[in-house]
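Okay, thanks for squeezing me in. I'd like to walk through a few local details, so have the viewer open and follow along.

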Number of protein chains: 2
Amino acid sequence: MWGVTIHAHSRDSASIRDVAKLANVSHQTVSRVLNGHPNVRPATRQRVLDAVAELRFRPNRAARMLATNRSYTVGVLMTASHAYYGPSSVMSAIEDAARDSGYSVLLARPRDTEVAEFSAAVDHLIHEGVEGIVVVAPQIRAAEAMMTLREPVPVVMIQCEVADPGLSVDNEVGGELAAQHLWELGHRRIALVAGPADWSESGARTRGFERFLASVGAQPVAAAGGDWSSMSGYNAFGHLADTAFTGVFCANDQMALGFIHAAFDHGINVPTGLSVVGFDDVPEAAHYLPPLTTIHQDFDVLGRRAVDRLLSAMQQDANAATDEAFSLRPQLIVRKSTIPPVLNPPSALGSP
Amino acid sequence: MWGVTIHAHSRDSASIRDVAKLANVSHQTVSRVLNGHPNVRPATRQRVLDAVAELRFRPNRAARMLATNRSYTVGVLMTASHAYYGPSSVMSAIEDAARDSGYSVLLARPRDTEVAEFSAAVDHLIHEGVEGIVVVAPQIRAAEAMMTLREPVPVVMIQCEVADPGLSVDNEVGGELAAQHLWELGHRRIALVAGPADWSESGARTRGFERFLASVGAQPVAAAGGDWSSMSGYNAFGHLADTAFTGVFCANDQMALGFIHAAFDHGINVPTGLSVVGFDDVPEAAHYLPPLTTIHQDFDVLGRRAVDRLLSAMQQDANAATDEAFSLRPQLIVRKSTIPPVLNPPSALGSP
DNA sequence: CGACCAAATGTGACCGGTCACAAGACTCTC
DNA sequence: GAGAGTCTTGTGACCGGTCACATTTGGTCG
């Protein structure tokens, strides 16, 4: 790969000096027109623009980067895989928003949440010349790793409660909504399937959930944890099988799906034998059997907001961008996986 | 945004000449060491490497790009949104593979499949200096639009039968497997829920499906189309409700999910009242109710293979890379949504 | 030991933009 | 109509790498 250098493509495109010659001005004037500098006579400007059009000129990005030390690129640091609905939705929104503002997006994905991996990924981005970084690293360790790094460019962290001027969906409220919904339906024995302990969203959902229960003098009758996957939701049911409960909150939709599957395999029907609330409102949730009651969050807004904030921080040059924390309120979507506790086996209320 | 230029970040990093001074050699020698040029005395090389380490030097990409007219970047053109499982899985694999080979990935997403949009997106990539392009544009029109463009860099198209040296999962075989499976279970009245007509995968799946049926002297008793979404699968059921059938092939898992949901809403149970086969094997498919029999495809291999091919085409400079077409064979995964036709209402076999 | 060749290293130009500064053109005032 | 001030344009250096070519160094051989 080294050694041999291939001049792979077009060395033929027009340069700013070609345009200048054709328009009969200096290269600097062309540069001024290109950059919208005010002090150019309209006639001259037009002449230059014509030449640009005729030669199909487009400025060379590398040259501009070299000269200005600016890249018009922002980096996204994402630890989660595309398989996770939330992070990848946010990623997509970020890309769109950045493009709309004239920026390119460069993705870096550390393989794990070790500080070293993180640092390497950030270095990579910095080295590529990104002017700012959006971090979508919902694991707590990732956020912490990120906080230890002091970067020369503005950084915006999404969905990470550790960062001070955080930007996130308010997962605690989401957890509360879930608990409140089950409670108000009449459920008194409620279980929890939490997300992985190392994700901050997971903690927040659990916290909100438990906080509401506490506010009415209750607490979860049982709890298990999963890794967001349907399989782990399925397995969680096994861990909870000894306990009787009539409602369960699963920290995301996939786990809810797995949980419902497991319940079915154990002869328990949802919602008649058990009410289930999920979280995320993935597009398929409306068609699960039964259609899943869940908590909806608007990832799109989150992504766009992140880019807005990053860009404004970049404008102000300093990372003095201490915007107020911004929290999106999630929303309860009631479907058919939750009903009042009826016809439950006596044990559900009877045994400890 | 124009007019004001912000020197946002570090103009402070070391250059190749700083390294040269510290190592007491010329800048050119440093360059040689960096590029692994053979004719450098080991002692000198070591001295340079030490200096590089000490100054934490990293070559400036923009400068290299400018000088060599190479970018070490490949472009990905993707028309589908992240919500589609297949394309986003492939995208993810491409990113990993490219990174492993030392390339960055730049994403361009045309808003629609108009030739103009396409052309603009490609222009963007070219202008950013990508050395090759992977097109993940499963819509037929997108592929056609792409074919009309003659680009100065190698292009690899994924999952698009229009392109000659195509690279794809063999969706026809997948369709055949689905039909064969239903047939061998004993189903004789089989329906089809196809994907959107403008996606080539959709056509291929349908073709394979019908081809198998034809080979045993049969044909679908009814057909509807969807747009890949669960909702469209749900609606498809309504269009097929007049016809009696005991098995159905849905061209992707999400539509299968919606279809099962609709069947349930009409009092038909899967699999006892109806057998359903999906396509894709999304991670949740194993936990649908019932767990979905479906066709598995390996998107990861597809993505990596695409990058391999692109890189080799780039090596050979020319786009003379007429590799043989490469087709991944998908695989039938039998779960619980398909059983022999039993206990079906008489009408299922009786009426026309 | 000088000649000769290859290996090792150095020199300056160049890629295509932007920057700082200089210089020319044009107004306006007295 | 000369001087001051503004608007417009031009000049050459520079960013940090690589390239082509020149030069020095080291080794081998007659």
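Let's begin on the outside of helix H1 in chain B: the face turned away from its buried side carries two exposed residues, Arg17(B) and Lys21(B). Keep in mind throughout that this is a predicted model.

Now flip to the other side of that helix. H1(B) covers residues 16-23, and in there Val19(B), Ala20(B) and Ala23(B) are buried. If you look down the axis of H1(B), those buried residues fall within an arc of 100°, so they line one face of the helix. That fits the usual helix arithmetic: with 3.6 residues a turn in an α-helix, residues three or four places apart point the same way. And what do the buried residues of H1(B) pack against? Two helices of chain B, namely H2 (27-34) and H3 (42-55).

Have a look at the ends too. At the start of H1(B), Ser15(B) has a side-chain oxygen that comes to within 3.0 Å of the backbone nitrogen of Arg17(B). After the helix comes Asn24(B), and its phi is positive, near 65°.

Staying in chain B, jump to Leu149(B). You'll find Leu149(B) in the loop between helix H7 (140-148) and strand S4 (155-158). So, buried or exposed, this Leu149(B)? Buried: the relative accessible area is 13%, and the cut-off for buried is under 20%. Leaving out residues up to four places away in sequence, Leu149(B) touches Val115(B), Phe118(B), Ser119(B) and Val122(B). Take Ser119(B): it sits 30 residues from Leu149(B) along the chain, yet the two C-alpha atoms are separated by 7.2 Å.

Okay, over to chain A and its sheet. We have an open sheet of four strands here, ordered S7-S6-S8-S9, with parallel pairing. The edges are S7(A), at 222-225, and S9(A), at 275-277; each has a single partner strand, so one side of each is left without a neighbour in the sheet. From one strand to the next, the twist averages 15°.

Zoom in on S6(A), residues 190-194. S6(A) pairs with S7(A) in the parallel sense over four bridges, and Ala194(A) has Gly225(A) as its bridge partner there. Toward S8(A), four bridges again make a parallel connection, and in that strand Ile190(A) is partnered with Gly247(A). As for the path, the chain goes from S6(A) through H9(A) to S7(A), a right-handed β-α-β crossover.

How many residues of S6(A) are buried? Five of the five, so the strand is largely enclosed by the rest of the structure. Both faces are covered, with Ile190(A), Leu192(A) and Ala194(A) on one side and Ala191(A) and Val193(A) on the other.

Two helices lie across this strand. Helix H9(A), residues 200-215, lies across S6(A) and S8(A), and runs at about 165° to S6(A). Helix H10(A), residues 230-240, lies across S6(A) and S7(A), at about 145° to S7(A).

That's my tour; happy to rotate things if anyone wants another view.

Methods
Residues are numbered from 1 along each chain as its sequence is written. Chains are lettered from A and ligands numbered from 1 in the order in which they are written. This is a predicted model: local features need pLDDT of at least 70, side-chain atom pairs count only at pLDDT 80 or more; totals for chains, interfaces and linings use all residues. Side-chain values use heavy atoms; hydrogens and water are left out. Two strands pair if DSSP finds at least two bridges between them. Axes are lines fitted to C-alpha atoms, for helices over the stretch in contact, and angles run from 0 to 180 degrees between N-to-C directions. Contact means heavy atoms within 4.5 Å. Buried means under 20% relative accessible area, exposed over 50%, partly exposed in between (1.4 Å probe, protein chains only). The arc is that of the directions from the helix axis to the C-beta atoms. A polar contact is a pair of N or O atoms within 3.5 Å; within protein, one must be able to donate a hydrogen and the other to accept it, and residues adjacent in sequence count only if both atoms are side-chain atoms. A crossover is right-handed if, with the strands pointing away from the viewer, the path from the first strand over the helix to the second runs clockwise.
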